[in-house]
Structure formats: structure tokens, C-alpha cells
Amino acid sequence: KGGYFIEGKFNQYISNVPYTAISQAFDSFFSQILVEPEDVFKKWKDEIQSAVGDLGKVLNDIVPVMSEVQGDQPDVPFLEGQEADNRFNLVFISFLKAIATKNQPLLLFIDDLQWIDAASIRLLKLIRTEFDQPGLCVIGAYRDNEVDVAHPLMEILNLRNKEGITLQQLELTNLQLPHLK
């Protein structure tokens, strides 16, 4: 349907760096936008700017290539703690709602969730609970032998389904000899 597929992967050796897989995925999205025809690029630029307003710089830290699409953004007032988190969450969900729509779907694939960092857990939980429109499909993959019931990833998987949002879990087993033949 003319949507976008983006992907990111967490890495066990840099699991203390926040948003690594999400940053990779959205860098990929913006790289795709940058090669679109001029009219499509301008449409995306305008929609994203409309969604983030003067707070676009908040997202530039985790998606640096975003500045290539948006251009220079005004500085944002410094906030700490929960206020900074709330502002980031608000801007990120607004941005996501602008780029993941029924007419322009977005598939976000995130691999190796067993090495996810705490900030990314909070962001995926936010997406799971606050994103409320068609157009977004999030697929996550993790090694279940490295994730137990106490792993933070289980917070997201155990959230109650919001109306219209379904969570499906597929367990993939090892390939057998007939599959390989």
C-alpha cells in the first residue's frame, strides 16, 4: 500500500545506550524520505513539521538524520526528569501519528528485544498504550531463552489490549531437517 518498512536491532554490547534500535529504524525512515521525489519529500517535511512544531529538536537526539529533513530547528527549553520525558513522549507520539497513517502505513521491526534498554521499554510501552490510529504495525523479535517473566520486556507484552490493538505472539521453533531440504 505504499507504506514504509523500517527496522532496528538492539545490541548486547551497547544495551546501556538508550533507543539504539529505534534510532536505527527511524534513521532508515528518514533516509527513505530523503530520496523521494521533491513533491513527496515536501509533503513529508510539512507533515512532520506540523506534527512536531517548534519541538522537533527534541527528537533530533535519537534520530539525528531527522535534521536533514527538517532543517535547523529552534532550541527547546531545557527540562529535567519527568517534564523532559513527558515532552519527549508527546512529541514522539505526535510525530508517529503523522507518519503512520491508514493511507501511509508504517511497519516497525525491532530485533533482539532481549537486550532492550529501559528508555526504549518505556517508549514501546507508550506506543502500545497511546498510539490510537490505524497505520502502525510493530513487530518485535527476541530470544525467549534469554527472556524470563521478570524481564522488563514482559511489561509490554502483558499490557491489556487496547480496543483495536491486537498483540499476537508467534513462537518460532528450530528448523528441522525436512525444512532445510
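# Exercises on a predicted chain

Tyr19 is found in the loop between β1 and α1. The model in which Tyr19 sits is a predicted one, and the exercises below work through its elements, its strands, two residues with positive phi, its salt bridges and a surface patch.

## Exercise 1: the loop residue Tyr19

Determine what is noted about the phi of Tyr19, and whether Tyr19 is buried or exposed.

Solution. Begin with the backbone: phi of Tyr19 is near 65°, which is a positive value in a residue other than glycine. Then turn to the accessibility, where the cut-off for a buried residue is under 20% relative accessible area. Tyr19 has a relative accessible area of 14%, and therefore it is buried.

## Exercise 2: the chain as a whole

Describe the order of the elements along the chain, and decide how its radius of gyration stands against that of a compact globule.

Solution. Start by counting the elements, which are 8 helices and 3 strands. Next, read them from the N terminus on, which gives the order β-α-α-α-α-α-β-α-β-α-α. For the dimensions, the C-alpha atoms fill a box of roughly 55 × 40 × 35 Å along the principal axes. A compact globule of 181 residues would have a radius of gyration near 16 Å, and the 17 Å of the chain agrees with this. Finally, of the 181 residues in the chain, 36% are buried.

## Exercise 3: strand β2 and its partners

Work out which strands pair with β2, in which sense they run, and which residues stand opposite one another.

Solution. Take β1 as the starting point: β1 and β2 run parallel and are joined by 6 bridges, and Tyr4 has Leu106 of β2 as its bridge partner. Then pass to β3, where strand β2 (residues 106-111) pairs with strand β3 (residues 136-140) in the parallel sense over 5 bridges. Within this second pairing, Leu106 stands opposite Leu136, and Leu108 stands opposite Val138. As a further step, follow the chain from β2 to β3: together with helix α6 (residues 118-130), these two strands make a right-handed β-α-β unit.

The side chains along β2 can be sorted by the face to which they point. Leu106, Leu108 and Ile110 point to one face and are buried, whereas Leu107, Phe109 and Asp111 point to the other face and are not buried.

## Exercise 4: Asp112 and its salt bridge

Explain why the salt bridge between Lys9 and Asp112 ties together parts that are apart in sequence.

Solution. First establish the contact itself, in which the side chains of Lys9 and Asp112 meet in a salt bridge at 3.0 Å, N to O. Lys9 belongs to strand β1, while Asp112 belongs to the loop between β2 and α6, so the pair joins parts that lie 103 residues apart in sequence. Next compare the accessibilities: Lys9 counts as partly exposed at 43% relative accessibility, whereas Asp112 counts as buried at 5%. It remains to look at the backbone of Asp112, which has a positive phi of about 60° although the residue is not a glycine.

## Exercise 5: two further salt bridges

State how many salt bridges are counted, and locate the partners of the pairs Glu47 with Lys43 and Lys57 with Asp75.

Solution. The count comes to 7 salt bridges. In one of these, the closest N and O atoms of Glu47 and Lys43 are 3.4 Å apart. Both residues lie in helix α2 (residues 38-52), 4 residues apart, which is about one turn of the helix. Glu47 is partly exposed at 31% relative accessible area, and Lys43 is also partly exposed, at 35%.

The side chains of Lys57 and Asp75 likewise meet in a salt bridge, at 2.6 Å, N to O. This pair links distant parts of the chain, with Lys57 in helix α3 (residues 57-60) and Asp75 in the loop between α4 (66-70) and α5 (81-99), 18 residues apart. Lys57 is partly exposed at 31%, while Asp75 is exposed at 62%.

## Exercise 6: a patch on the surface

Identify the residues that form a nonpolar patch on the surface, and place Ile14 along the chain.

Solution. The patch is formed by Tyr13, Ile14 and Val17, which together have about 330 Å² of accessible area. Ile14 lies in the loop between β1 (4-9) and α1 (20-34), and at 39% relative accessibility Ile14 counts as partly exposed.

How values were computed: Residues are numbered from 1 along each chain as its sequence is written. This is a predicted model: local features need pLDDT of at least 70, side-chain atom pairs count only at pLDDT 80 or more; totals for chains, interfaces and linings use all residues. Side-chain values use heavy atoms; hydrogens and water are left out. Two strands pair if DSSP finds at least two bridges between them. A crossover is right-handed if, with the strands pointing away from the viewer, the path from the first strand over the helix to the second runs clockwise. Patches are made of residues with over 30% relative accessible area and no salt bridge: like charges are joined within 9 Å, nonpolar side chains (Val, Leu, Ile, Met, Phe, Trp, Tyr) within 5 Å. Accessible areas come from the Shrake-Rupley method with a 1.4 Å probe; for residues, only the protein chains shown count as cover. A salt bridge is a side-chain nitrogen of Lys or Arg within 4 Å of a carboxyl oxygen of Asp or Glu. Buried means under 20% relative accessible area, exposed over 50%, partly exposed in between (1.4 Å probe, protein chains only). The radius of gyration is taken over C-alpha atoms; the globule rule is 2.2 Å times the number of residues to the power 0.38.
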